[in-house]
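User: Hi! I have a new model open and would love to walk through a few spots with you. Shall we start?

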Amino acid sequence: MRFISFGSGSSGNCYFIGDENYGILIDAGLSSRKTKKYLKEVGYDLSQIYGIFITHDHFDHIKSVGTLGEVHNIPVYSTEDILKGINKCYKITEKLYQSKRPIKIGEETVIKDFKITPFEVEHDSSQCVGYFIEFKGEKITIATDLGGINDIAKQYICAADHVVIEANYDEQMLINGRYHYSLKQRILGGCGHLANHVTMKFLAENFQLHWKNIFFCHLSQNNNTPNTVMCAAHKALQGKNINVAPLPKEKILEVKL
C-alpha cells in the first residue's frame, strides 16, 4: 500500500491511498491542475483514481471536487449532509450531480480491494468524518480536522496499523499570535482543531504495539512548525519506545506501507 500526501493544511488537503495500479483520494482541496500534476509525478493519472472520499465541506478540502467529479467522472463519496454542504459552498462553481455517491457513518463501502468506513468527528462544518480504510491487509485511519477525539474516533485510531492524525497548532503560538480573538476561540474549541499536546497525550495514553506509522498532518502555517510538532512528540512519547523520525523536507510525502 502507498500513502501519499499531496497537501495537508489550510492551503489544501489531498491524500492518495492505493497500490501501483490504482487508488483513492481523501479530499480534493488542491486545484485540479495541481492534483493531476502531483499524481503524474508519482506515476498515476486520473483514470486510476476510483473514488474521492471527502471529510467535510470546508474549501481547503473540496476546491477541485466538482471538476474531478463532474468533468473527469470520478465518483465522490461522503455523507448526504457533507455532499449538500459542498453544493451550498459559493466557491464551488462546478456543483456535484452525477458524481455523488452518498455513504452512511459506520457503514462500509467496498471498492475493489478497499473497504472504507466513515466515522463522525467534531468540527465546525455541515458534518465532518474521518475514514478507517482497509486495503490488502493494511489498515489506515484518517483523523484530521477535529476539536477532540471522541470514543468512536479513538476506536478506529487504535484499530489501525497506520495513523494519520491532526497536530494543528502549538497552544502558546496560537494564544500569542496575530489571529483575532474569535478565531482563536474557534480553533481552541471542541469543534475546532487539535493542539500538539492534546494529540501527543492521546497517543501516549493509547499507544498500540501494532501501530507501524503515525503521520502528523494539517499543521497550521502560522501557529505551528514541523520541528515544534516533533519536539512535542519526543517529549510525550520518549518513554513509550516509539521511534519518532524527523520529517522529510519534500513537499510530497510518499510512504510505502
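User: Which residue stands opposite valine 163 in E11?

Analyst: That is threonine 141. Just keep in mind that this is a predicted model. Threonine 141 comes up where strand E10 (residues 138-143) and E11 are joined.

User: How many bridges join E10 to E11, and do they run parallel or antiparallel?

Analyst: There are four bridges, and the two strands run parallel.

User: And is E11 enclosed or open?

Analyst: Strand E11 (residues 162-166) is largely enclosed by the rest of the structure, because five of its five residues are buried.

User: Which way do the residues of E11 point?

Analyst: His162, Val164 and Glu166 point one way, while Val163 and Ile165 point the other way, and all are buried. As a general rule, side chains in a regular strand alternate between the two faces of the sheet.

User: Nice. Jumping to the start of the chain, what does E1 pair with?

Analyst: E1 pairs with strand E2 (residues 14-18) in the antiparallel sense, over five bridges. One pairing to look for is isoleucine 4, whose bridge partner in E2 is phenylalanine 16.

User: Is E1 buried or exposed?

Analyst: Buried: six of the six residues of strand E1 (residues 2-7) are, so the strand is largely enclosed by the rest of the structure.

User: What about the turn, how many residues sit between the strands of that hairpin?

Analyst: Six residues lie between E1 and E2, and glycine 9 takes a positive phi near 140° in this hairpin.

User: Speaking of positive phi, which residues other than glycine have one?

Analyst: Two to look at are lysine 136, with a positive phi of about 50°, and aspartate 145, with phi near 60°. For background, most residues other than glycine have a negative phi.

User: Where are those two, and is each buried or exposed?

Analyst: Lysine 136 lies in the loop between strand E9 (129-135) and E10, and counts as exposed because its relative accessible area is 52%, with the cut-off for exposed being over 50%. Aspartate 145 is in the loop between E10 and H5, and is buried, with a relative accessible area of 1%.

User: Switching to pockets: what is the volume of the second largest one?

Analyst: About 280 Å³. The pocket is lined by 17 residues, and Ser10, Asn168, Arg186, His193 and His218 lie nearest its centre.

User: What is the make-up of that lining?

Analyst: The lining divides into four nonpolar, ten polar and three charged residues. Its largest share, three residues, comes from helix H7 (residues 181-188).

User: On to helix H8. Which residues there are buried, and what covers them?

Analyst: In H8 (residues 196-205), the buried residues include Asn196, Thr199, Met200, Phe202, Leu203 and Ala204. Their cover includes helix H5 (151-159), E11, strand E12 (213-217) and helix H9 (226-237).

User: Is there a residue in H9 I could click on to see that contact?

Analyst: Try leucine 237, which is found in helix H9. Leucine 237 touches Met200, Leu203, Ala204, Ile242 and Val244, leaving out residues up to four places away in sequence. At 2% relative accessibility, this leucine counts as buried.

User: What about threonine 35, where is that?

Analyst: Threonine 35 is in helix H1 (residues 32-41). It counts as buried because its relative accessibility is 0%.

User: What does threonine 35 touch?

Analyst: Not counting residues up to four places away in sequence, threonine 35 touches Leu25, Leu30, Ser64 and Leu68. In addition, a polar atom of the threonine 35 side chain lies 2.8 Å from the backbone oxygen of serine 31.

User: Last one: where is leucine 96?

Analyst: Leucine 96 is in the loop between helix H4 (80-88) and strand E6 (100-102). Although in a loop, leucine 96 counts as buried, at 0% relative accessibility.

User: And which residues does leucine 96 touch?

Analyst: Leaving out residues up to four places away in sequence, leucine 96 touches Val65, Gly66, Glu70, Val76, Leu83, Ile86 and Asn87. For a distance to check on screen, leucine 96 and lysine 84 are twelve residues apart in sequence and 8.9 Å apart in space, C-alpha to C-alpha.

Conventions: Residues are numbered from 1 along each chain as its sequence is written. This is a predicted model: local features need pLDDT of at least 70, side-chain atom pairs count only at pLDDT 80 or more; totals for chains, interfaces and linings use all residues. Side-chain values use heavy atoms; hydrogens and water are left out. On a 1 Å grid over the protein atoms alone, a cavity is a set of points where a 1.4 Å probe fits but cannot get out, and a pocket is an open set with protein on both sides within 12 Å along at least five of seven lines; lining residues have an atom within 4 Å of a point. Grid points are joined across faces, edges and corners, and a volume is the space filled by probe spheres set on the points. Ala, Val, Leu, Ile, Met, Phe, Trp, Tyr, Cys and Pro count as nonpolar, Asp, Glu, Lys and Arg as charged, and the others, Gly among them, as polar. Buried means under 20% relative accessible area, exposed over 50%, partly exposed in between (1.4 Å probe, protein chains only). A polar contact is a pair of N or O atoms within 3.5 Å; within protein, one must be able to donate a hydrogen and the other to accept it, and residues adjacent in sequence count only if both atoms are side-chain atoms. Contact means heavy atoms within 4.5 Å. Two strands pair if DSSP finds at least two bridges between them.
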